Amino acid sequence: MGEDLADASRTIEQVLDSTLESVDQAARLTLELARESGLGEEDLDRIGMSVRECMVNAVVHGNRYNSNKKVRLSLSRTPQRLTIRIADQGEGFDPVDVPDPVAGDNLLRQSGRGVFLMKTFMDEFAVRRLEPGTEVTLVKNLVPNEISNSSV
């Protein structure tokens, strides 16, 4: 039965409030789908942290806790990949302008590591400008390298 779940495609769409409770809700939904995909605990931890970082950025920095603005969460699983899209309705940002958290004085800062962690923990990271807002796409590949690189 587990193999059937891993082979099935599934999509979840949610519109969430700009609250920290929505961060927990998004992480919970994402981790449920990731568990169904058969990912191990280390990958689950990394995905969970990436989604939390992205959601906090959307709620706090993007929408600035504005109750009139929403965060859109889209989760999509195919047999090959788990794709997470998180979009806010804020003013947007350019990831090039985000300071490098491992450079000099930034090492001691209490914040500013979210984008770095998402890029490190996920197989793909992309930012797209919306009108208004920003959409971040996070991808975790589900096909192990030994299977994807072998000829059948």
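**Exercise 1. In which helix is Val60 found?** Then describe its surroundings.

*Solution.* Before starting, note that this is a predicted model, where local features need pLDDT of at least 70 and side-chain atom pairs count only at pLDDT 80 or more, while totals for chains, interfaces and linings use all residues. Residues are numbered from 1 along each chain as its sequence is written, and side-chain values use heavy atoms, with hydrogens and water left out.

Step 1. Val60 belongs to helix H3; helices (H or I, at least four residues) and strands (E, at least two) are DSSP runs, numbered from the N terminus.

Step 2. With a relative accessible area of 22%, Val60 is partly exposed. Here, buried means under 20% relative accessible area, exposed over 50%, and partly exposed in between (1.4 Å probe, protein chains only).

Step 3. Leaving aside neighbours within four places in sequence, Val60 is in contact with Leu20 and Tyr65, where contact means heavy atoms within 4.5 Å.

Step 4. Val60 and Thr19 are 41 residues apart in sequence, and their C-alpha atoms are 8.3 Å apart in space.

**Exercise 2. Work out the order of the strands in the open sheet and say which strands stand at the edges.**

*Solution.* Step 1. The sheet has five strands in the order S1-S2-S3-S5-S4, with antiparallel pairing. Two strands pair if DSSP finds at least two bridges between them.

Step 2. Strand S1 (10-17) and S4 each have a single partner strand, so one side of each is left without a neighbour in the sheet.

Step 3. On average, neighbouring strands of this sheet are turned by 15° against each other, direction ignored. For such angles, axes are lines fitted to C-alpha atoms, for helices over the stretch in contact, and angles run from 0 to 180 degrees between N-to-C directions.

**Exercise 3. Go through the strand pairs that involve S2 or S3 and give a bridge partner for each.**

*Solution.* Step 1. S1 and S2 run antiparallel and are joined by eight bridges; Gln14 has Leu73 in S2 as its bridge partner.

Step 2. S2 and S3 also run antiparallel, with six bridges between them. Leu75 has Ile84 in S3 as its bridge partner, and the two strands form a hairpin with three residues between them.

Step 3. Seven bridges pair S3 with S5 in the antiparallel sense, and Ile86 stands opposite Val136 in S5.

Step 4. Five of the seven residues of S3 are buried, so this strand is largely enclosed by the rest of the structure.

**Exercise 4. Which helices lie across the sheet strands, and at what angles do they run?**

*Solution.* Step 1. H2 lies across S1, S2 and strand S3 (81-87), running at about 170° to S1.

Step 2. H3 lies across S1, S2, S3 and S5, and runs at about 15° to S3.

**Exercise 5. How many residues has the largest nonpolar core, and which of them have the most contacts inside it?**

*Solution.* Step 1. A nonpolar core is a set of buried Ala, Val, Leu, Ile, Met, Phe, Trp, Tyr and Cys residues joined through side-chain atoms within 4.5 Å.

Step 2. The largest one has 28 residues, and Ile47, Met55, Leu73, Ile84 and Ile86 have the most contacts inside it.

Step 3. At least two residues each come from S1, H2, H3, S2, S3, helix H4 (114-121) and S5. H3 gives the largest share, seven residues.

Step 4. Take Leu73 as a case: not counting residues up to four places away in sequence, Leu73 touches residues including Ile12, Leu16, Ala26, Leu29, Ile84 and Ile86.

**Exercise 6. Is Ser22 buried or exposed?** Then find what its side chain reaches.

*Solution.* Step 1. Ser22 is found in helix H2 (residues 20-36) and is buried, because its relative accessible area is 4%.

Step 2. Its side chain reaches the backbone oxygen of Asp17 at 2.7 Å.

Step 3. Beyond neighbours within four places in sequence, Ser22 is in contact with Leu16, Asp17 and Met55.

**Exercise 7. Look for unusual backbone angles in the loops.**

*Solution.* Step 1. Arg64 lies in the loop between helix H3 (41-62) and strand S2 (70-77). Its phi is near 50°, a positive value in a residue other than glycine, and Arg64 is exposed at 58% relative accessible area.

Step 2. Tyr65, in the loop between H3 and S2, has phi near 60°, also positive. Tyr65 counts as partly exposed, at 45% relative accessibility.

Step 3. The peptide bond from Glu131 to Pro132 is cis, with omega near -5°. Pro132 lies in the loop between strand S4 (124-129) and strand S5 (134-141).

Conventions
Polar contact = N/O pair within 3.5 Å; in protein donor to acceptor, adjacent residues only side chain to side chain.
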